[in-house]
Amino acid sequence: MKRNRFEIIAMAGMIAGAASMVYLLVERLDSFNGHYSILITATISSLVAFYVSFIMRSLSKNPTPLRAFLIGQPRAGKTVYLSVLFDELQRHSSSSIDFQQYGTETVERVNSNLQTLNKGSWVPQTSLNTAFYYRARASVGSGIFRSKYTLEVGDYAGEHIEEFDSSSEMWLHKTDYFKYAIASDSLLFCIDGEDLVEKNIEKIEDSQTMLLAAFQMLLSEKTSHAGKKLNIPICLIVLKSDLFESDEQIDSLLEEYYYRLRELMKSKAQEFKEFYVSSVGKTIDGKPPSKIKPKHVVDPFIWLLKHSRL
Ligand SMILES: Nc1nc2c(ncn2[C@@H]2O[C@H](COP(=O)(O)OP(=O)(O)OP(=O)(O)O)[C@@H](O)[C@H]2O)c(=O)[nH]1
Ligand SMILES: [Mg+2]
């Protein structure tokens, strides 16, 4: 249950409890007649309600931090995705979810990356140990059921994924990347659609092995005992979906090549969903088109905000 819903129900319970206790107490004091006991109960309950609503208002002013972690091989398309996502998020408008970029760093980085893409170039590869954190404010729901979040997604170089692989040297040198992953409230596993459509078996196998290792490591770090499922939202995202003829083609290629990863995620995650995303739309001679046409980029984040337990 979301934090604010839980609070509202708990507060309502507290008020009802306080009102009945006060009533019982006042009733026991024979010195008051029936009218007075109702009056005293009403006064004390109103004071409790006033105090509780004051606490609730100050709590709802503080957004809940929600950290999402994007995991994928080098060149999978993560940086392009996050840049386009944070640009698109602010244009997303629905009755129940609103976003706004948060902080000048995010605004500047998103603008500069979008400019690069709109000029027909790709963004530079992310270097090792140079993480960037994209941030946005989000509000989900309406009225008293509204939850506010500060959403943060870290963008790290794909090479860091080897920190999850016990046979790699990087396993021994765990950096902030690893800690960030462990402390995240939702996980997005990215598949490079280019390798999948080209049926590049070697790269697909590498990617599946690394994503499996990362999932298993996070499962063991984030759950208390064997058999327990991950209780944070997990997405499997196929990036570069513009390279496929149809969603059905992605579906059948995933079934053929990513069967192990899919099955593990389905069985070990309480909330799991797959998304097929294109950050820029159909490319022209391998470059982004002059007017990028993102497809389904915000869907994973809408889904994970709705399924977050925070
Ligand atoms: N067709 C297509 N290609 C894309 C798309 N997004 C990215 N690419 C290609 O994928 C390459 C890598 O994209 P990046 O976003 O830099 O990849 P990354 O996962 O951040 O890579 P690292 O920084 O090395 O971890 C780009 O240079 C493009 O060639 C897309 O939406 N469609
Ligand atoms: Mg990158």
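**Exercise 1. Where is the place of Arg137?** Then work out how it sits among its neighbours.

Before the solution, some ground rules. This is a predicted model, where local features need pLDDT of at least 70, side-chain atom pairs count only at pLDDT 80 or more, and totals for chains, interfaces and linings use all residues. Residues are numbered from 1 along each chain as its sequence is written, while chains are lettered from A and ligands numbered from 1 in the order in which they are written.

*Solution.*
- Step 1: Arg137 belongs to strand 3 (residues 132-140). Strands here are DSSP runs of E with at least two residues, helices are runs of H or I with at least four, and both are numbered from the N terminus.
- Step 2: Arg137 counts as partly exposed because it has 17 C-beta neighbours inside 10 Å. The cut-offs: 20 or more other C-beta atoms within 10 Å is buried, 12 or fewer is exposed, and in between is partly exposed, with C-beta atoms placed from the backbone.
- Step 3: Skip the neighbours within four places in sequence, and Arg137 is in contact with Pro63, Phe99, Gln100, Tyr102 and Thr150. Contact is taken as C-beta atoms, placed from the backbone, within 7 Å.
- Step 4: For a long-range pair, take Arg137 and Phe301: they are 164 residues apart in sequence, yet 12 Å apart in space, C-alpha to C-alpha.

**Exercise 2. Trace how strands 1, 3, 4, 5, 6 and 7 are joined, giving directions and a sample pair where you can.**

*Solution.*
- Step 1: Start with strand 3, which runs antiparallel to strand 4 (residues 147-155) and is joined to it by nine bridges. Tyr133 has Gly154 in strand 4 as its bridge partner. Strands pair if DSSP finds at least two bridges between them.
- Step 2: Strand 4 also meets strand 1 (residues 64-71), in parallel, through six bridges. Here Arg67 stands opposite Glu152.
- Step 3: Go from strand 1 to strand 5 by four bridges, again parallel. Phe69 partners Leu187.
- Step 4: Strand 5 (residues 186-192) and strand 6 run parallel, with six bridges. Sample pairs include Leu188 with Cys235 and Asp192 with Leu239.
- Step 5: Finish with five bridges between strand 6 and strand 7 (residues 272-276), also parallel. Ile237 stands opposite Phe275.

**Exercise 3. Are strands 5 and 6 covered on both faces, or on one?**

*Solution.*
- Step 1: A reminder: in a regular strand the side chains alternate between the two faces of the sheet.
- Step 2: Seven of the seven residues of strand 5 are buried, so it is largely enclosed by the rest of the structure. Ser186, Leu188, Cys190 and Asp192 make up one buried side, and Leu187, Phe189 and Ile191 the other.
- Step 3: Strand 6 (residues 234-239) has six of its six residues buried. Ile234, Leu236 and Val238 lie on one side, Cys235, Ile237 and Leu239 on the other, and both faces are covered.

**Exercise 4. Find the members of the largest nonpolar core that touch the most others.**

*Solution.*
- Step 1: A nonpolar core is a set of buried Ala, Val, Leu, Ile, Met, Phe, Trp, Tyr and Cys residues joined through C-beta atoms within 7 Å.
- Step 2: The largest one has 62 residues, and Ile71, Leu85, Leu188, Phe189, Cys190 and Ile237 touch the most other members. Helix 3 (residues 78-89) gives the largest share, seven residues.
- Step 3: Zoom in on Ile71. Beyond four places in sequence, its contacts include Leu187, Leu188, Phe189 and Cys190, as well as Ile161.

**Exercise 5. Which residues other than glycine in the loop between strand 7 and helix 10 have a positive phi?**

*Solution.*
- Step 1: Most residues other than glycine have a negative phi, and most peptide bonds are trans.
- Step 2: Asp285 has a positive phi of about 50°, and it is found in the loop between strand 7 and helix 10 (299-307). Asp285 is exposed because it has 5 other C-beta atoms within 10 Å.
- Step 3: His296 lies in that loop between strand 7 and helix 10, with phi near 60°. His296 has 15 C-beta neighbours inside 10 Å, so it counts as partly exposed.

Definitions and conventions
Contact = placed C-beta atoms within 7 Å.
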